[in-house]
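Please open the model in a viewer and keep the sequence panel visible. The tour below proceeds by selection, each stop stating what to highlight and what is found there.

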Amino acid sequence: MTAYDTLIPINIVTGFLGSGKTTLLARLLKSPALRDTAVLVNEFGEVGLDHHLIEHAEESVLLMDSGCLCCAIRGDLQGALKSLFSQRERGEIPAFRRVAIETSGLADPTPIAYTILAEPVLQHHFRLGNVVTVVDAVNGAAQLERHPESVKQAAIADRLVLTKTAMADDAGAAVRAAVRKINAAAPVLDLDAEPLDPDALLTGDLYSADGKRREIAGWLDGFAGAAGEDGDGHDHSHGVGSFCLWFDGPMDWTAFGLWMSMLLNHHGERVLRVKGMLNVAGVADPVLINGVQHIVHPPTHMTGWPDGDHRSRIVFIVQGMDRAEIEGSLAAFNRMAAHPPAILGPAGAGRAAPADRRPPHPFHSNAGLRFSR
Amino acid sequence: MCSLCGVLGGRGHWTESSSSPEAFASRQEEVTRRRERQERIRLANRVLGHYGLKLTDFGGGAYVLSTRTGRSKIVDNITEVWIAAEDLTGRGCDPLDPSLLAGLPAR
């Protein structure tokens with residue numbers, strides 16, 4: 001079995017029509033850090049990509065027997081990636097170390113993610129890197145309101161990039177607020193106002209040796225940012241919103257796996273993203289989970305907790321789902337597990353719970369996890 | 001690849017800690033793959049009982065999911081258990097269903 005962090009990362013660059021995906025990619029590819037990147041594009045737009053490794057993929061989708069659209073193998077992509085890898089192995093093209101896929105403006109990026117993570121051959125050579133979603137500050141708010149595709153693109157993003165903020169009346173404040181409401185867990189970069197950092201956008205992710213610590217810091221910001229959200233959609237979001245669950249006491253990994261797999265099987269089309277840092281019973285370091293709809297990356301860990309707050313926390317980006325129902329269901333599953341919470345910390349997302357220094361509660365019952373907001 | 005059936009092996013299901021040893025390297029007590037499977041089966045049966053189903057181990061590498069009338073399916077991992085459960089019962093297996101949650105026993 002190949003170690004996950006040694007696989008070739010694939011970044012998805014998505015965004016609505018005219019949002020500036022190709023312009024962003026063209027700028028990124030000038031960076032020496034991305035010199036060994038192969039690029040797959042779904043459509044050739046007006047902006048040309050001057051890069052030595054470009055392949056073109058026609059869009060075709062192979063639906064799985066039991067799958068919804070997000071669990072579809074993109075036949076074109078599968079073929080293109082296998083062909084790229086085969087040429088690389090034969091030495092016919094340079095040995096690229098990264099792939100960037102630019103989707104068409106109307107594409108749902110989820111089948112691309114599913115293809116990379118679940119296709120039996122590809123999963124041994126490639127892994128999913130950051131999903132970067134480009135949002136146009138002039139037209140973005142209207143696109144989010146009218147086109148559910150653009151909401152989904154924003155919802156599953158690991159990075160949100162705002163373009164054309166210098167041309168927008170409010171310098172992009174409205175569209176920034178709209179995308180934060182949909183996806184409170186992803187950092188937002190203003191391309192007109194901030195320097196373009198390839199590490200921050202593409203190369204630094206949870207599975208890269210260099211970028212892991214910074215990525216986790218971004219996750220912690222995301223947990224805090226989503227703490228005040230309730231998951232309810234608003235005018236622009238077609239019912240998509242984010243929220244963060246915090247809970248005290250160690251979590252039973254087996255019960256959590258049962259619960260999450262059952263939730264994603266039944267509601268995966270509506271659970272657009274899940275990012276979590278879990279305090280797993282019997283495991284000293286936090287375990288990190290990362291999912292896109294029905295697909296979950298292999299869990300990973302960080303070395304040591306970032307501070308004295310050892311509470312588990314999970315960000316959900318969902319469409320039309322109730323936060324309280326999800327909380328209650330997870331608590332019920334954990335109650336039947338082998339590891340009732342040994343320690344109950346104080347409630348309140350803003351307060352640290354130094355769980356490692358507190359003695360066990362003398363009367364703690366098997367009442368399950370206690371959630372705090 | 002399995003030499004008998006020609007199926008390419010996957011990475012292992014994300015719920016199995018043995019498939020991500022790095023993530024669980026700081027475990028304070030050794031948990032064998034077999035023990036984790038037994039615990040998964042025990043907990044899954046508490047849920048599956050609500051649907052009249054029973055899960056058993058099949059050679060340490062797969063599971064058999066059966067109805068009370070003896071219909072059964074062999075599955076590889078816990079995600080496939082839920083898909084097979086919905087196929088065998090003809091109903092959705094929803095972890096948010098209040099009637100399921102009300103019947104889940106606490107340990």
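The pLDDT is the predictor's confidence in each residue, on a scale from 0 to 100. The model is predicted, and colouring by this score is a suitable start. Chain A has a mean pLDDT of 80, with 78% of its residues at 70 or more. Select residues 61-67 of chain A: the pLDDT there is below 50, and the stretch has 13 contacts in the model beyond near neighbours in sequence. Select next residues 340-373 of chain A, over which pLDDT also stays under 50; the model gives this segment 70 contacts beyond four places in sequence. Where pLDDT is low, predicted coordinates should not be read in detail.

**The two domains of chain A**

Colour residues 4-210 of chain A as domain 1 and residues 228-372 as domain 2. Between them, 26 residues of domain 1 are in contact with 25 residues of domain 2. On the domain 1 side of chain A, display helices H3 (110-118), H4 (140-146), H5 (148-155) and H6 (173-182), each of which supplies at least two residues to the side touching domain 2. Which helix gives the most to this side? H3(A) does, with 5 residues. Coloured by class, this side of domain 1 of chain A shows 21 nonpolar, 2 polar and 3 charged residues.

**The largest nonpolar core**

Now select Ala113(A), Ala154(A), Leu258(A), Trp259(A), Phe316(A) and Val81(B). Of the 118 residues in the largest nonpolar core, these touch the most other members. Helix H9 of chain A (residues 253-267) provides the largest share of this core, 9 residues. Domain 1 and domain 2 of chain A each contribute at least three residues to the core. In soluble globular proteins, nonpolar side chains tend to be buried together.

**An enclosed strand**

Select strand S7 of chain A, residues 126-136. Is this strand largely enclosed or open? All 11 of its 11 residues are buried, so S7(A) is largely enclosed by the rest of the structure. Add strand S1 of chain A (residues 8-15), which pairs with S7(A) in the parallel sense over 7 bridges. Then add strand S8 of chain A (residues 159-163), which runs parallel to S7(A) and is joined to it by 5 bridges. Centre the view on Val134(A) in S7(A): this residue is the bridge partner of Gly15(A), and Val134(A) also stands opposite Val161(A) in S8(A).

**The contact between chains A and B**

Show both chains. Here 36 residues of chain A are in contact with 37 residues of chain B. On the chain A side, highlight H9, strand S14 (300-301) and helix H10 (323-335), the elements that give two or more residues to the side touching chain B. H9(A) gives the most to this side, with 11 residues. By class, the side of chain A that touches chain B has 20 nonpolar, 13 polar and 3 charged residues.

**A final stop at Gly222(A)**

Select Gly222(A), which lies in helix H8 of chain A (residues 212-226). Is Gly222(A) buried or exposed? Gly222(A) counts as buried because it has 21 C-beta neighbours inside 10 Å, the threshold for burial being 20 or more. Not counting residues up to four places away in sequence, Gly222(A) touches Ala184(A), Ala185(A), Ala186(A), Lys275(A) and Val315(A). To close, draw a distance from the C-alpha atom of Gly222(A) to that of Leu122(A): the two residues are 100 apart along the chain, and these atoms are separated by 30 Å.

How values were computed: Residues are numbered from 1 along each chain as its sequence is written. Chains are lettered from A and ligands numbered from 1 in the order in which they are written. Domain bounds come from an automatic or database domain assignment. Two residues are in contact if their C-beta atoms, placed from the backbone, lie within 7 Å. Helices (H or I, at least four residues) and strands (E, at least two) are DSSP runs, numbered from the N terminus. Ala, Val, Leu, Ile, Met, Phe, Trp, Tyr, Cys and Pro count as nonpolar, Asp, Glu, Lys and Arg as charged, and the others, Gly among them, as polar. A nonpolar core is a set of buried Ala, Val, Leu, Ile, Met, Phe, Trp, Tyr and Cys residues joined through C-beta atoms within 7 Å. A residue is buried if 20 or more other C-beta atoms lie within 10 Å of its own, exposed if 12 or fewer, and partly exposed in between; C-beta atoms are placed from the backbone. Two strands pair if DSSP finds at least two bridges between them.
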